[in-house]
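Biologist: I am new to this structure and should like to go through it step by step. May I put my questions to you in turn?

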Amino acid sequence: MKIRLFTIPNCITLCNLLCGIGSIVCSLVYNDLQLAFALVVASAVFDFCDGFAARLLKQYSAVGVQLDSLADMVSFGVAPAIAMSVVCGQMPSAFGLNDTWSEVLCYIPLVVALLSALRLAKFNVDDSQKEEFEGLPTPASAILLLSLAALCERYSLTIELEWLVLISVIVAMLLVSPVRMFSLKFHEWGLGSTDNKIRYAFLLTSCLLICLLRLYAIPLIIVLYIVVSAIRWIFQKR
């Protein structure tokens, strides 16, 4: 069986992976969390484009599916976990912990990488996530965490160590939660379906928040996505 490796969708996925690796290098080597955040945003764009290219060119493949998960694991699992670990090491303790305990807490955000792996593995075998997601998608979790890290660096924002650790743990748990999250993929452009109304309202609100708050809007948008999805899921269950 001949397997084509260098298809257009696969090359786009490799760009996603390259940006994820670059984000990790920026966090660990250069301590540049703003560039690390920008590279993960680029990874998210490539992650969207590879699926779009595969559908447009009809170049679906089992290799592409596996490659996509491997790239997502690096870009949206390892990269945000390392960035949060780095920024935790730069923040003061709210309870005045000594250096030893503070250093131990800095490793806790790495749980984001572990639960991202579980999230991605489940997604690959779960046929119920074609139209929506179960649990927070890894690109959303990565953008949330890295935007906080970038805010801390760019605007000298101080978030105590314990709060950063708690946020990381909550985000990690959301990755494997049963909450059904709506997808931003449009299958039709009209306003006939409830999900399309939610998508349009969310995108419009997101654009307004970005215009008003710039970088500060990014974590708010992801939190809004989580809240709206949770409310939608609760009403669906009822």
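**A buried serine and its surroundings**

Modeller: Let us begin with S23, which has a relative accessible area of 0% and is therefore buried. Please bear in mind throughout that this is a predicted model.

Biologist: In which helix is the place of S23?

Modeller: S23 counts as buried, because its relative accessible area is 0% and the cut-off for buried is under 20%. Leaving out residues up to four places away in sequence, S23 touches A36, L39, V40, A79 and L146. The element that holds S23 spans residues 8-28 and is helix α1.

Biologist: How many helices and how many strands are there in the chain?

Modeller: Read from the N terminus, the elements run α-α-α-α-α-β-α-α-β-α-α. The chain thus has two strands, and the number of its helices is nine.

Biologist: What is the radius of gyration of the chain, and which value would a compact globule have?

Modeller: The C-alpha trace spans about 55 × 45 × 30 Å along its principal axes. For 238 residues, a compact globule would have a radius of gyration near 18 Å. The chain agrees with this expectation, because its own radius of gyration is 18 Å.

Biologist: What percentage of the contacts in the chain with a separation of 6 or more comes from residues 24 or more positions apart?

Modeller: One such pair is I143 and V40, which are 103 residues apart along the chain and in contact with each other. Taking the contacts with a separation of 6 or more, the share from residues 24 or more positions apart is 77%.

Biologist: Which helix gives the largest share of the largest nonpolar core?

Modeller: In soluble globular proteins, nonpolar side chains tend to be buried together. Here, buried residues make up 46% of the 238 residues, and the largest nonpolar core has 58 residues, with V87 and L136 having the most contacts inside it. The largest share of this core is 11 residues, and it comes from residues 138-154, helix α6.

Biologist: Is I143 buried or exposed?

Modeller: I143 is placed in helix α6. Apart from neighbours within four places in sequence, its contacts are F37, V40, A44, I218 and I222, and the C-alpha atoms of I143 and V40 are separated by 7.0 Å. With a relative accessible area of 16%, which is under the 20% cut-off, I143 is buried.

Biologist: How far apart in space are Y225 and F182, C-alpha to C-alpha?

Modeller: Y225 lies in helix α9 and is buried at 6% relative accessibility. Beyond residues up to four places away in sequence, Y225 touches F133, L136, P137, M181, F182 and F202; L136 in turn has contacts that include R119, S141 and V171. Although Y225 and F182 are 43 residues apart in sequence, their distance in space is 8.4 Å.

Biologist: What separation do the C-alpha atoms of R199 and D99 have?

Modeller: R199 is found in helix α8 and is buried, since its relative accessible area is 5%. R199 and D99 are 100 residues apart along the chain, and their C-alpha atoms are separated by 45 Å.

Biologist: What value does phi of S156 take?

Modeller: Most residues other than glycine have a negative phi. S156 is placed in the loop between α6 and α7 and counts as exposed, because its relative accessibility is 59%. Its phi is positive although S156 is not a glycine, with a value near 55°.

Biologist: Where is the place of R214, a residue that is not a glycine and has a positive phi?

Modeller: The phi of R214 is about 55°. R214 is exposed, as its relative accessible area is 61% and the cut-off for exposed is over 50%. The place of R214 is in the loop between α8 and α9.

Biologist: How far apart are the mean positions of the positive and negative charges of the chain?

Modeller: The accessible surface comes to about 12,800 Å², of which 71% belongs to carbon and sulfur atoms. The chain has 16 positive and 17 negative charges, and the separation of their mean positions is 11 Å.

Methods
Residues numbered from 1 in each chain as written. Predicted model: local features only at pLDDT ≥ 70, side-chain atom pairs only at ≥ 80, totals over all residues. Heavy atoms only, no water. Helix = DSSP H or I, 4+ residues; strand = E, 2+ residues; numbered from the N terminus. Rg over C-alpha atoms; globule rule 2.2 N^0.38 Å. Buried < 20%, exposed > 50% of the residue type's maximum accessible area, 1.4 Å probe, protein only. Contact = heavy atoms within 4.5 Å. Areas by Shrake-Rupley, 256 points an atom, 1.4 Å probe, with all protein chains shown as cover. Lys, Arg positive; Asp, Glu negative; His and termini not counted. Charge placed at Lys NZ, Arg CZ, Asp CG, Glu CD. Core = buried A, V, L, I, M, F, W, Y, C linked by side-chain atoms within 4.5 Å.
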